[in-house]
Amino acid sequence: LSELTATANGRKLTLTDKGGGVYTFTMPGSSVEVRGSFAAGGSTPAELPFTDVAKNIWYYDAVAYVYENGLMAGTSADTFNPQGNLTVAQAIALAARTYANANNETVPAANAGEAWYQGAYDYCVANGIIDAKTWTADKLNANATRYEMPSILNGAADESVLVATKNIDSVVDVPADSEYADIVLTWYRAGIVSGTSTGAFEGNRTITRAEVAKILCNLNGVR
């Protein structure tokens, strides 16, 4: 993402970076036009402004991809905070942005007086990406777990990237009767995730921003 602007009646609004590629603004009493422009991508990742993402680290290319494509931003001008967490609301905003980008659509902004994520939340519900009965308001500000991230992002993924490429019957630490078992197994078979060195998924652990960046790459067919 090279530029992002929001204007109302010809006046630029002040944008606030909420992290995870999410920006907010105070909704005026008129319609708002939001525009974003993206730098052309290439085979070589652009120089990142983040001092906490080393070029030789495993997630460097993933962070470069999500940053260049406007899926995630830094937590400040020069930090990405790769080991930091994302809230459920931020994960839903990422799902909305992923689906909208794939379908040449725009995620609606929240209305005046609404939570910053309401536009993305309503967009996800309307498009069948998430279930409002599952993702209730009391869960949205909690840090997302590794179990919850696939549950939220799966509905935003194109079916072509979820095709099984590996023959995997089970995941060592995911019970077959778990509510997340089917989605996690689908992601393992499609190569979206691979777990730890032992194959464990560690679903109850909060997911890191670096891990999310890599997942977003995989969901967009960038391996």
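**Entry 1. Asn81**

I looked up Asn81 first and found a relative accessibility of 34%, so Asn81 counts as partly exposed. The model I am working from is a predicted one. Asn81 belongs to the loop that joins H1 and H2. I noted its backbone as well: phi is positive, about 55°, although Asn81 is not a glycine.

**Entry 2. Asn104**

I then turned to Asn104, which sits in the loop between H2 and H3. Its phi is near 55°, again a positive value in a residue other than glycine. Is Asn104 buried or exposed? I read a relative accessible area of 73% for Asn104, and the cut-off for exposed is over 50%, so I put Asn104 down as exposed.

**Entry 3. Pro108**

I stayed in the loop between H2 and H3, where Pro108 is also found. Pro108 has 43% relative accessibility and therefore counts as partly exposed. Which residues does Pro108 touch, leaving out those up to four places away in sequence? I listed Gly119, Ala120 and Tyr123. For Tyr123 I also took the C-alpha separation from Pro108, which is 7.1 Å for two residues 15 apart along the chain.

**Entry 4. H3**

I went through helix H3, residues 118-126, and wrote down its buried residues as Gly119, Ala120, Tyr121, Tyr123 and Cys124. These buried residues pack against H2. Just after H3, I found Gly128 with a positive phi of about 70°.

**Entry 5. H2 against H3**

I wanted the geometry of this pair. Two packed helices are described by the angle between their axes and the distance between the axes. For H2 (residues 88-102) and H3, I have an angle of about 60° and axes 8 Å apart. That makes H2 oblique to H3, because the range for roughly perpendicular starts at 65 degrees. The crossing of the two helices is left-handed.

Which residues make the contact between H2 and H3? On the H2 side I listed Ile92, Ala93, Ala95, Ala96, Tyr99 and Ala100. On the H3 side they meet Ala120, Tyr121, Tyr123 and Cys124. I sorted the contact by class and got 10 nonpolar residues, with no polar and no charged ones.

**Entry 6. H1 against H6**

I repeated the exercise for H1 and H6. Their axes come within 8 Å and cross at roughly 70°. H1 and H6 are therefore roughly perpendicular to each other. From H1, the contact takes Ala62, Val63, Tyr65 and Val66; from H6, it takes Ala213, Lys214, Leu216 and Cys217. By class, I have seven nonpolar residues, no polar ones and one charged one in this contact.

**Entry 7. The largest nonpolar core**

I looked up the largest nonpolar core and found 62 residues in it. Which of them touch the most other members? They are Met72, Ile92, Leu153 and Leu219. The elements giving two or more residues to this core are H1 (60-68), H2, H3, H4 (148-153), H5 (181-190) and H6 (209-219). H2 gives the most, with 10 residues. I had already met Ile92 among the H2 residues in contact with H3.

**Entry 8. H5**

I took H5 next. Its buried residues are Ala181, Val184, Leu185, Trp187, Tyr188 and Ala190. I checked what covers them, and the cover includes H4 and H6. Just after H5 comes Gly191, with a positive phi of about 80°.

**Entry 9. Asn218**

I found Asn218 in helix H6. Its relative accessibility is 4%, so Asn218 counts as buried. Leaving out residues up to four places away in sequence, I have Asn218 touching Val161, Gly191, Ile192 and Arg223. Gly191 is the glycine just after H5 that I had noted for its positive phi.

**Entry 10. Arg146**

My last lookup was Arg146, in the loop between H3 and H4. Is Arg146 buried or exposed? The relative accessible area of Arg146 is 9%, and buried means under 20%, so I recorded Arg146 as buried. Again leaving out residues up to four places away in sequence, I wrote down its contacts as Gly195, Phe201, Glu202, Gly203, Arg205, Ile207 and Glu211.

Terms used:
Residues are numbered from 1 along each chain as its sequence is written. This is a predicted model: local features need pLDDT of at least 70, side-chain atom pairs count only at pLDDT 80 or more; totals for chains, interfaces and linings use all residues. Side-chain values use heavy atoms; hydrogens and water are left out. Axes are lines fitted to C-alpha atoms, for helices over the stretch in contact, and angles run from 0 to 180 degrees between N-to-C directions. Helices (H or I, at least four residues) and strands (E, at least two) are DSSP runs, numbered from the N terminus. Angles under 35 degrees count as roughly parallel, over 145 as roughly antiparallel, 65 to 115 as roughly perpendicular and the rest as oblique. A crossing is left-handed if the near helix is turned anticlockwise from the far one by less than a right angle, and right-handed if clockwise. Contact means heavy atoms within 4.5 Å. Ala, Val, Leu, Ile, Met, Phe, Trp, Tyr, Cys and Pro count as nonpolar, Asp, Glu, Lys and Arg as charged, and the others, Gly among them, as polar. A nonpolar core is a set of buried Ala, Val, Leu, Ile, Met, Phe, Trp, Tyr and Cys residues joined through side-chain atoms within 4.5 Å. Buried means under 20% relative accessible area, exposed over 50%, partly exposed in between (1.4 Å probe, protein chains only).
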